[in-house]
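Trainee: Please pick one buried position in this chain and take me through its surroundings slowly, moving outward from it to the helices that pack around it and then to other parts of the fold. I would also like to hear how far the coordinates can be trusted.

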Amino acid sequence: MRRANALFSLVRFPATDSASHNNRSSTLPAEYRPESARLNAATLALIVFVVFTLGYRFYSKFLATRIFALSEDEPVPSHELEDGVDYVPTKLHVLWGHHFASIAGAAPIVGPAIAVIWGWLPALIWVCVGTVFMGAAHDFAALVISARHRGRSIGDIAGDVMSHRVRTLFLIIISLLVWVVLAVFAFIIATLFVSTPSSIFPINVQIIVALTLGWLVYKRGMPMFIPSLVCYAGLLIAIFYGEAFAQNFPAIASLSVTTWVVLLLIYSFIASVMPVWLLLQPRDYINSHQLVTGLVVLSAGLAVSRPLIVAPAINPSPEGAPSLIPFLFVTIACGAISGFHGLVSSGTTSKQLNKMTDARPIGYGGMLAEGFLGLMAVLAATAGFESSAQWYEHYGSWGAANGLAAKLDAFVRGGASFVAALGIPFETARTFMAVMVIAFAATSLDTGARIQRLVLTELGDAYNIAPLRNRFSAGALGVSAALLLAVTQGNGQGGLALWPLFGTTNQLVAGVTLLIVSIWLKKQGRPYIYTLVPMIAVSAVTAWAMVGNLFDYYADFETLWLLSISGTLILALDIWVLLEGFKILRDAQEGDA
């Protein structure tokens with residue numbers, strides 16, 4: 001983006017700093033020296049952890065008992081419609097792993113790693129408050145309402161709750177969101193493969209061991225936990241051989257970003273048509289081990305090193321960046337609230353829910369875990385640098401040091417510095433962090449491609465379009481469209497150019513999901529203010545951000561023509577759906593009166 005906030009001038013850091021944090025702070029301009037350079041990152045992490053714990057203990061219990069009235073005896077789709085492909089009854093800890101890995105992806109890492117360009121304080125507040133009162137409630141609600149509608153997607157449910165016209169409109173919006181998701185996450189993985197070639201070998205090892213785990217569990221009847229730990233140990237061992245693989249196979253290690261994008265999207269198609277138990281479930285379960293391990297070692301390294309935050313608390317007008325408000329709220333999407341999560345909850349997770357009461361730890365608890373990952377990303381990208389001058393090299397402008405690559409590197413290197421405090425070699429820690437990001441981005445690719453296939457199939461069923469009713473042709477169409485977006489747009493910035501459209505579309509879908517839940521609660525005679533208020537807030541700020549995006553896209557229409565057209569279509573469809581939803585709520589209110 002080329003827009004800059006003119007209310008404040010940009011303060012540049014000196015080129016070098018002295019050895020200690022205190023001396024470094026004293027060389028900085030006054031605007032950057034006070035609290036932000038001296039705050040301890042470990043203390044902030046502890047505060048947010050306590051807030052998340054209280055949120056789960058009290059607010060999620062309130063939602064489960066008073067708003068949704070969950071019962072352990074309720075019938076669930078996985079038992080009623082079991083088919084061995086999509087509808088599969090799954091134990092709580094296994095499904096939690098799948099759901100957590102699917103929603104986490106790389107977005108709660110990438111979003112905060114970009115958003116700290118405006119300073120650590122706005123990002124931290126949005127991650128904390130947004131997760132507890134908006135994101136976790138959104139995910140939980142989408143999972144419950146889907147499970148009570150035979151595991152149907154939230155877009156399909158819109159036809160029952162609102163109208164068949166809204167159902168079609170919302171399914172199109174969802175399809176457009178997943179379209180952007182596939183392109184963005186393919187870019188993220190490709191960028192990390194190029195910047196950290198040592199990650200290529202362990203990621204491919206993970207796919208092999210996940211297929212093996214799926215076969216052992218579902219064909220040989222083995223329990224998943226112990227074999228999954230063995231498979232995860234194999235992944236960790238592979239990390240130590242990643243660098244040797246990159247050196248011995250330079251042709252693979254030197255593939256371009258574009259080549260990797262093509263290969264990754266082909267892979268995502270193959271994964272999307274496989275039975276869910278063969279690759280998606282076992283790999284997500286392994287990923288859950290990795291993410292828990294990552295959060296533990298990051299937290300432990302943070303506690304040991306107790307690094308000081310060297311970034312400014314607020315940096316309102318970095319060069320070339322959009323304004324802090326409203327773009328903070330769409331840049332950090334999955335780390336606070338995310339429409340994609342509702343698609344996971346209602347697209348795959350609800351079809352595997354073993355009992356209804358599992359929805360609370362999976363839906364609400366899973367999002368809290370993702371929020372903590374978002375917190376770690378904020379801290380790694382602000383306290384993982386040795387100096388403010390180093391931080392400024394990555395965040396001096398929106399496109400500094402090659403845009404997306406620099407923001408990803410900020411998290412990978414910053415997180416690696418935390419892990420290295422535990423005595424692990426820095427380069428090994430760096431590979432571990434890159435593998436963690438890639439593994440979750442790949443899970444988003446798998447899940448996104450599967451969701452896209454299911455959404456296109458629902459549209460095919462509704463309008464009797466034969467090719468869309470076939471899972472192979474529907475999957476191929478979804479992936480091909482993502483490839484078109486990935487290779488034609490970007491203006492040299494790749495994923496960073498696509499990220500604002502992903503964030504705004506993602507949050508618009510979250511707003512519509514909360515609207516559908518609010519209407520459903522209203523019709524059930526239950527309190528709906530707890531979903532209506534977040535819906536109004538996220539819809540308003542996101543529509544504002546989308547309008548800002550469109551000004552930028554149309555200013556460079558010759559290059560960003562596809563983003564311009566798709567963004568306009570998404571905003572128009574969203575406004576249409578919201579207006580119809582508000583009319584239904586108004587009519588229901590008048591009927592009660």
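Mentor: Let us start at Thr513, which in this predicted model touches His138, Ala142, Ile154 and Phe170, once residues up to four places away in sequence are set aside. Thr513 belongs to helix α23, which covers residues 495-523, and its relative accessibility is 0%, so it counts as buried, the cut-off being under 20%. Two of its partners, His138 and Ala142, fall within the range of helix α6, residues 120-147, where the confidence is highest, at a mean pLDDT of 96.

The other two partners lead to a pair of packed helices. Ile154, one of the residues that Thr513 touches, is also among the residues by which α7 makes its contact with α8, and Phe170, another partner of Thr513, is on the α8 side of that contact. Helix α7 runs over residues 154-161, and its axis lies 7 Å from that of α8, at an angle of about 165°. Because that angle is over 145°, α7 is roughly antiparallel to α8. Their crossing is right-handed. On the α7 side the contact is formed by Ile154, Gly155, Asp156, Ala158 and Gly159, while α8 supplies His164, Val166, Arg167, Phe170, Leu171 and Ile174. By class, these residues comprise six nonpolar, three polar and two charged.

Following α8 along its length brings us to a second contact. The axes of α8, residues 164-195, and α22, residues 471-488, approach to within 8 Å and cross at roughly 60°. That angle makes α8 oblique to α22. The crossing of α8 past α22 is right-handed. Here Trp179, Val180, Leu182, Ala183 and Phe187 of α8 face Gly478, Ala481, Ala482, Leu485 and Ala486 of α22. This contact contains nine nonpolar residues and one polar residue, with no charged residue.

For comparison, consider a helix pair elsewhere in the chain. Helix α10, residues 225-240, packs on helix α14, residues 280-305, with 9 Å between the axes and an angle of about 65°. Again the crossing is a right-handed one, with α10 passing α14. Phe225, Ser228, Leu229, Cys231, Tyr232 and Leu235 come from α10, and Tyr285, Ile286, His289, Gln290 and Thr293 come from α14. Seven of the contact residues are nonpolar and four are polar, with no charged residue.

Several other buried positions can be set beside Thr513. Phe411 sits in helix α19, residues 404-420, and is buried, with a relative accessible area of 1%. Its contacts, leaving out residues up to four places away, are with Ile109, Ala113, Met376, Ala377, Ala380, Ala416, Met433, Met436 and Val437. Although 301 residues separate Phe411 from Val110 in sequence, their C-alpha atoms are 8.0 Å apart in space. A charged side chain is buried as well: Asp446, in helix α20, residues 426-463, has a relative accessible area of 2%, which is why it counts as buried. Outside its neighbours up to four places away, Asp446 touches Tyr267, Ser268, Ala271, Ser272, Leu279, Leu280 and Arg283. His394, in helix α18, residues 388-395, is also buried, at 13% relative accessibility. From His394 to Val261 there are 133 residues in sequence and 24 Å between C-alpha atoms. Burial can extend over most of a helix, as in α15, residues 324-331, where six of the eight residues are buried, namely Leu324, Pro326, Phe327, Leu328, Val330 and Thr331.

As for trust, the average pLDDT of the protein chain is 85, and 91% of its residues score at least 70. Confidence is lowest in helix α1, residues 21-26, at a mean of 36. Residues 1-37 have a pLDDT below 50, and in the model this stretch makes 83 contacts beyond near neighbours in sequence. Where pLDDT is low, the predicted coordinates should not be read in detail.

Notes
Residues are numbered from 1 along each chain as its sequence is written. This is a predicted model: local features need pLDDT of at least 70, side-chain atom pairs count only at pLDDT 80 or more; totals for chains, interfaces and linings use all residues. Side-chain values use heavy atoms; hydrogens and water are left out. pLDDT is the predictor's confidence in each residue, from 0 to 100. Helices (H or I, at least four residues) and strands (E, at least two) are DSSP runs, numbered from the N terminus. Contact means heavy atoms within 4.5 Å. Axes are lines fitted to C-alpha atoms, for helices over the stretch in contact, and angles run from 0 to 180 degrees between N-to-C directions. Angles under 35 degrees count as roughly parallel, over 145 as roughly antiparallel, 65 to 115 as roughly perpendicular and the rest as oblique. A crossing is left-handed if the near helix is turned anticlockwise from the far one by less than a right angle, and right-handed if clockwise. Ala, Val, Leu, Ile, Met, Phe, Trp, Tyr, Cys and Pro count as nonpolar, Asp, Glu, Lys and Arg as charged, and the others, Gly among them, as polar. Buried means under 20% relative accessible area, exposed over 50%, partly exposed in between (1.4 Å probe, protein chains only).
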